[in-house]
Amino acid sequence: MTDKYVLFGNPVAHSMSPALHAFFAKETNQDLEYGRILVEEGCFKQCADEFFKQGGLGCNITVPCKLDAFTYADTLTEYAKAAGAVNTLKKMPDGSILGDNTDGRGLVYDLKRLGCPLKDAHVLIIGAGGAAKGILKPIIESGVKKITIVNRTVSKALDLAIAYPGVVDGTSYENLSGSYDVIINATSLSLKNELPNIDDSILSKASFVYDLMYRPDGHTCFTDKASSLGVKAYDGFGMLVGQAILSFELWRNVKPNFDNAIKQFR
């Protein structure tokens, strides 16, 4: 019987995950099928129980189910614990469910591929929501010197900083100053074609800018703004591919080729 994997979320119809994992399976000679399940509000546990009961081996989780998956898992990786959310579940040989979060490592994977200067860098993260929380631990592990989180509600930025004293601090847009080597937009503003309230003088000093959101053409309003100021800027498509590769590797113990996937889908 073909091994079964799936994406849980709402909405899911737009997701590239099935196409990505079908490509990974073909490239690595793995016999599996990957589908989508639309999860109605409050029904995640029921859907996951049924999927695993029917022989499912693993799943990816997208919004708004990542917190549900976090509580559903029997055990959590250190990355899932740090993120407070789960984007990958795996059924273990003993029947228990492992929860992982590959988002942040997928980001770092892509940043390194793109030649982002992470070593000893001062990084500015815009936004203090779940996306920002999910990427902090892997970015710190990449060897950065300091991370500043800027957020409209300063208390949220400070709450994230508490977990990493001496490395991460939080501030408001009004008090944001100085220069940053790398700037990461962890808000969803680009989906609405809106820019975060970052002054051009700060953006123009960066050597590398990254937007966690992505668009088919590779441009968001944020990356276009940075590019217009002469800064290298990339959207989050490579992060999408990177986190998917890490999920696939967790399930199948084989790692698809990053560059081949980028060429195929971009």
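**Exercise 1. Backbone and exposure of Asp-120 and Asn-193**

Determine whether Asp-120 is buried, partly exposed or exposed, and describe its backbone.

Solution.
Step 1. Asp-120 has a relative accessibility of 49%, so the residue counts as partly exposed. The classes are buried, under 20% relative accessible area, exposed, over 50%, and partly exposed in between (1.4 Å probe, protein chains only).
Step 2. The model is predicted: local features need pLDDT of at least 70, side-chain atom pairs count only at pLDDT 80 or more, and totals for chains, interfaces and linings use all residues. Residues are numbered from 1 along each chain as its sequence is written, and side-chain values use heavy atoms, with hydrogens and water left out.
Step 3. Asp-120 is found in the loop between helix H5 (103-113) and strand S7 (122-126). Helices (H or I, at least four residues) and strands (E, at least two) are DSSP runs, numbered from the N terminus.
Step 4. Although Asp-120 is not a glycine, its phi is positive, about 60°.
Step 5. Asn-193, a residue other than glycine, also has a positive phi, near 60°. Asn-193 lies in the loop between S10 and H8 and is exposed, with a relative accessible area of 57%.

**Exercise 2. Cis peptide bonds**

State which residues the cis peptide bond with omega about 5° joins, and locate its proline.

Solution.
Step 1. The bond joins Val-63 and Pro-64.
Step 2. Pro-64 belongs to the loop between S3 and H3.
Step 3. The peptide bond from Asn-10 to Pro-11 is likewise cis, with omega near 10°. Pro-11 sits in the loop between strand S1 (3-9) and helix H1 (17-28).

**Exercise 3. The largest pocket**

Describe the largest pocket by its volume, its lining and the elements that contribute to the lining.

Solution.
Step 1. On a 1 Å grid over the protein atoms alone, a pocket is an open set of points where a 1.4 Å probe fits, with protein on both sides within 12 Å along at least five of seven lines; lining residues have an atom within 4 Å of a point. Grid points are joined across faces, edges and corners, and the volume is the space filled by probe spheres set on the points.
Step 2. The volume of the largest pocket is about 1500 Å³.
Step 3. Its lining consists of 48 residues, and Val-63, Lys-66, Ala-131, Ser-188 and Met-213 lie nearest the centre.
Step 4. Two or more lining residues come from each of strand S3 (58-61), helix H3 (66-72), helix H6 (130-141) and helix H10 (237-252). H6 gives the largest share, five residues.
Step 5. By type, the lining has 23 nonpolar, 19 polar and six charged residues. Here Ala, Val, Leu, Ile, Met, Phe, Trp, Tyr, Cys and Pro count as nonpolar, Asp, Glu, Lys and Arg as charged, and the others, Gly among them, as polar.

**Exercise 4. Helix H6 and Ile-139**

Identify the buried residues of H6 and the contacts of Ile-139.

Solution.
Step 1. Ala-132, Gly-134, Ile-135, Leu-136, Pro-138 and Ile-139 are buried in H6.
Step 2. The relative accessibility of Ile-139 is 0%.
Step 3. With neighbours within four places in sequence left aside, Ile-139 is in contact (heavy atoms within 4.5 Å) with Leu-107, Val-108, Ile-125, Val-144, Ile-147 and Ile-184.
Step 4. H6 is followed by Gly-143, which has a positive phi near 100°.

**Exercise 5. Ser-190 and Phe-222**

Find the side chain with which that of Ser-190 makes a polar contact, then examine the surroundings of Ser-190 and Phe-222.

Solution.
Step 1. Ser-190 lies in the loop between strand S10 (182-185) and helix H8 (200-203) and is buried, at 3% relative accessible area.
Step 2. Its side chain makes a polar contact with the side chain of Asp-211 at 2.5 Å. Such a contact is a pair of N or O atoms within 3.5 Å; within protein, one must be able to donate a hydrogen and the other to accept it, and residues adjacent in sequence count only if both atoms are side-chain atoms.
Step 3. Not counting residues up to four places away in sequence, Ser-190 touches residues including Asp-211, Met-213 and Phe-222.
Step 4. Phe-222 is placed in helix H9 (residues 221-228) and is buried, with a relative accessible area of 1%.
Step 5. Beyond four places in sequence, the contacts of Phe-222 include Ser-190, Leu-195, Tyr-210 and Asp-211.
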